[in-house]
Amino acid sequence: PSISNCTFKNMPNGNYILTIGHEIKETGLITLDNLIFMDNEASVSDAAGGGGIGLWVSQADRCLLDNCKFIRNVNRKASNGGVIGYAPTRYSNSKVTLQFRGCSFEDNRVQQGFNGGALYINAQLRPVFIESCVFSNTINNAAYYGGAIFIEGTTTQTISIVDTKFNNMKANSNEKPNGNAIYIEDETSGD
């Protein structure tokens, strides 16, 4: 499946905003091309992910988000990931490789005390690729750790971040190693 040139704006605080996939049949590539997610709020109760745009993708080999814009989205749940929380655990989303290409992330955030102003990644099953993206903020309260990206210490798969820019990112933790742009948690020390 492919979704192109659509805008998701002012979605009220609720569960998933966009759900792709089903429990019966697998597919190869899901492409989300030139989508705009703006001023949305989500309170996804599933620990497997969702984030501030409430995205659920399952039964696919790969989800490509190409030239998408994520602007002022808020994760209202007491969980991580202002745009997307990626922590696949169930059989239906455990096979999805996540890929961002040419995307922009601006002023996205999580609730106080949570991590990953734009992305929260806990990739224990599949890799994540971030290429030629831009993360920027004009706000100071995007996340506690990882103003743009928080990578969980239990991640075992490849996380590739290439040719990506981080502008004015600020984590609001007062601890010195707070990862204003990227925070990679060290599982061995708990930091």
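Two strands count as paired if DSSP finds at least two bridges between them. In this predicted model, strand β8 (residues 60-66) and strand β12 (residues 97-101) clear that bar with five bridges, and they pair in the parallel sense. Across this pairing, Leu64 sits opposite Gln99 in β12. On the β4 side, six bridges join β4 to β8, and these two strands run parallel as well. Leu64 turns up again here, as the bridge partner in β8 of Thr31. Five of the seven residues of β8 are buried, so the strand is largely enclosed by the rest of the structure.

Zooming out, β8 belongs to an open sheet of six strands, in the order β1-β4-β8-β12-β16-β19, with parallel pairing. The edges are taken by β1 (2-4) and β19 (159-162), each of which pairs on one side only. From one strand to the next, the twist in this six-stranded sheet averages 10°.

A four-stranded open sheet is also there, running β11-β15-β18-β21, again with parallel pairing. Here β11 and β21 (182-184) stand at the edges with a single partner strand each, so one side of each has no neighbour in the sheet. The twist in this four-stranded sheet averages 5° from one strand to the next. At the β21 end, strand β18 (residues 149-151) pairs with β21 in the parallel sense over three bridges, and Phe150 stands opposite Tyr183 in β21.

Next come the aromatic side chains. The structure holds eleven aromatic pairs. One of them joins Phe70 and Phe105, whose rings are stacked, at 4.8 Å centre to centre and with 15° between the planes. Phe70 belongs to strand β9 (residues 69-71) and Phe105 to strand β13, so this pair ties together parts that lie 35 residues apart in sequence. Phe70 and Phe105 are both buried. The two rings also take part in one aromatic cluster, made up of Phe8, Phe37, Phe70, Phe100, Phe105, Phe135 and Phe166.

Two members of that cluster, Phe105 and Phe135, come back in the lining of a cavity. The structure holds two cavities of 30 Å³ or more, and the second largest has a volume of about 40 Å³. Its lining consists of Phe105, Glu106, Asp107, Asn108, Gly117, Ala118, Phe135, Ser136, Asn137, Gly147, Ala148 and Met169. Strands β13 (104-106) and β17 (134-136) each supply at least two of the lining residues. By type, the lining of this second largest cavity divides into five nonpolar, five polar and two charged residues.

Asp107, one of the residues lining the second largest cavity, deserves a closer look for its backbone. Most residues other than glycine have a negative phi. Asp107 is not a glycine, yet it has a positive phi of about 55°. It is found in the loop between β13 and β14 (109-110). With a relative accessibility of 10%, Asp107 falls under the 20% cut-off and therefore counts as buried. Gln59 tells a similar story: it is not a glycine either, and its phi is positive, at about 55°. Gln59 lies in the loop between β7 (55-57) and β8, and its relative accessible area of 7% makes it buried.

Two other loop residues are partly exposed. Gly21 is found in the loop between β3 (18-20) and β4 (27-33), and its relative accessibility of 38% is why it counts as partly exposed. Gly21 and Ile161 are 140 residues apart in sequence, with 26 Å between their C-alpha atoms. Lys77 lies in the loop between β10 (74-75) and β11 (84-86). At 32% relative accessibility, Lys77 counts as partly exposed too. Lys77 and Asn13 are separated by 64 residues in sequence and by 9.4 Å in space, C-alpha to C-alpha.

Note on methods
Residues are numbered from 1 along each chain as its sequence is written. This is a predicted model: local features need pLDDT of at least 70, side-chain atom pairs count only at pLDDT 80 or more; totals for chains, interfaces and linings use all residues. Side-chain values use heavy atoms; hydrogens and water are left out. Axes are lines fitted to C-alpha atoms, for helices over the stretch in contact, and angles run from 0 to 180 degrees between N-to-C directions. On a 1 Å grid over the protein atoms alone, a cavity is a set of points where a 1.4 Å probe fits but cannot get out, and a pocket is an open set with protein on both sides within 12 Å along at least five of seven lines; lining residues have an atom within 4 Å of a point. Grid points are joined across faces, edges and corners, and a volume is the space filled by probe spheres set on the points. Ala, Val, Leu, Ile, Met, Phe, Trp, Tyr, Cys and Pro count as nonpolar, Asp, Glu, Lys and Arg as charged, and the others, Gly among them, as polar. Rings of Phe, Tyr and Trp (its six-membered ring) pair if their centres lie within 6.5 Å; planes under 30 degrees apart count as stacked, over 60 as edge-to-face and the rest as tilted. Buried means under 20% relative accessible area, exposed over 50%, partly exposed in between (1.4 Å probe, protein chains only).
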